[in-house]
Amino acid sequence: MISNDQKYLAEVLNTVVHGDCINIMNSLPEKSAQLIFADPPFNLDKKYRSYRDNLPFDQYMKWTEEWIDAAIRILRDDGTLLLYNIPKLLTYTTPILNERAEFRHWIAWNSGGKPLGKTLQPAHYGILFYTKTKKSKFFDVRAPHKTCRKCKTYLTDYGGKEHQRHPFGYQISDVWDDIHRVRHASKRIDNHPCQLPVHLIERAILMTTDPGDLVVDPFCGGGSGAVAARQMGRDYIGAETDEYYQEVSQAKLMAAQPTIIGNAYVSVHLNKVVSVRDCDIEGGIRWKRRAS
Ligand SMILES: C[S@@+](CC[C@H](N)C(=O)[O-])C[C@H]1O[C@@H](n2cnc3c(N)ncnc32)[C@H](O)[C@@H]1O
């Protein structure tokens, strides 16, 4: 007999669900998701359509604890939780996560914005990388070598070991500075105030999942996480409390197509490969720098 949570999983698989992520995650089977990519509101009084982004701090952290519990329950034993936020809030979140999961990395994303601060200019966001257990799925990811825009020479000095330079690109580290933030334009259909670049989430997906694995985005917003999962050939479930954002995400998903070069899923932006799994290159796929 099929259990209620299995029935619910089948019902919502590969959709963005309108509703509260805690209820939605609590309705899914235990240990069903390979990756949870969470981009919760930052409690900075951002102007969302319906969500009020100004909870008293204690309430915000209590809520954070609640959704993290719901997320950890549905993670597979070799699954990963990536939590994107501003550094200050992440310092309050790590104690919660340290009690429930295994710390792996703190990824710093320099989003290329022009920071305006009164003291040290805030130039990066953090992505906490936790796994449910010590035994997790992980894939090395490569990004194209950085070259001079004008003369096309390589910017990294290999100190006489140029022959060791990988033919495609460098192995990414925990500092990501090659992906620019989304420029927000009020005239766009989604009109969501803080969308992440799809190719940022695609990199996270390539790093922690296989094709066909389930990716859950509990705060789906304009749909970037769900679109990234679809383009990378993964199953997905998004949750979003705002009906308009949920509809916009569904519309974007209708237009999104898997991005495959050779026989591997690769992340492409503006017709250029941004991220590819090392094992997919070594596997002998016929990859090219540009998508056709
Ligand atoms: C920071 S935005 C996410 C943006 C998204 N990553 C993107 O790239 O478009 C947070 C979103 O979470 C939604 N939200 C707030 N509380 C929620 C909840 N309890 N369950 C589901 N969604 C929620 C808000 O409406 C908002 O759209």
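These are my notes on the ligand shell, one helix pair and one sheet of a predicted model.

Residue numbers start from 1 along each chain as its sequence is written. In this predicted model, local features need pLDDT of at least 70 and side-chain atom pairs count only at pLDDT 80 or more, while totals for chains, interfaces and linings use all residues.

**Ligand.** I looked up the residues around the ligand (C-beta atom, placed from the backbone, within 6 Å). There are 21, of which D39, F219, G221, G222 and S224 come nearest. I noted that α6 (224-231) and β10 (235-240) supply at least two shell residues each; helices are DSSP runs of H or I with at least four residues, strands runs of E with at least two, numbered from the N terminus.

**Helix pair.** I then checked helix α5 (residues 198-208) against α6: the axes come within 8 Å and cross at roughly 55°. Axes are lines fitted to C-alpha atoms over the stretch in contact, with angles from 0 to 180 degrees between N-to-C directions. I recorded the contact (C-beta atoms, placed from the backbone, within 7 Å) as V198, I201, E202 and I205 of α5 with S224, G225, V227, A228, A229 and Q231 of α6.

**Sheet.** I found an open sheet of four strands in the order β7-β6-β14-β13, paired antiparallel; pairing requires at least two DSSP bridges between two strands. β7 (169-171) and β13 (267-269) are at the edges with a single partner strand each, so one side of each has no neighbour in the sheet. I counted three bridges in the antiparallel pairing of β13 with strand β14 (residues 272-277). S267 has S275 in β14 as its bridge partner.

Conventions. Two residues are in contact if their C-beta atoms, placed from the backbone, lie within 7 Å.
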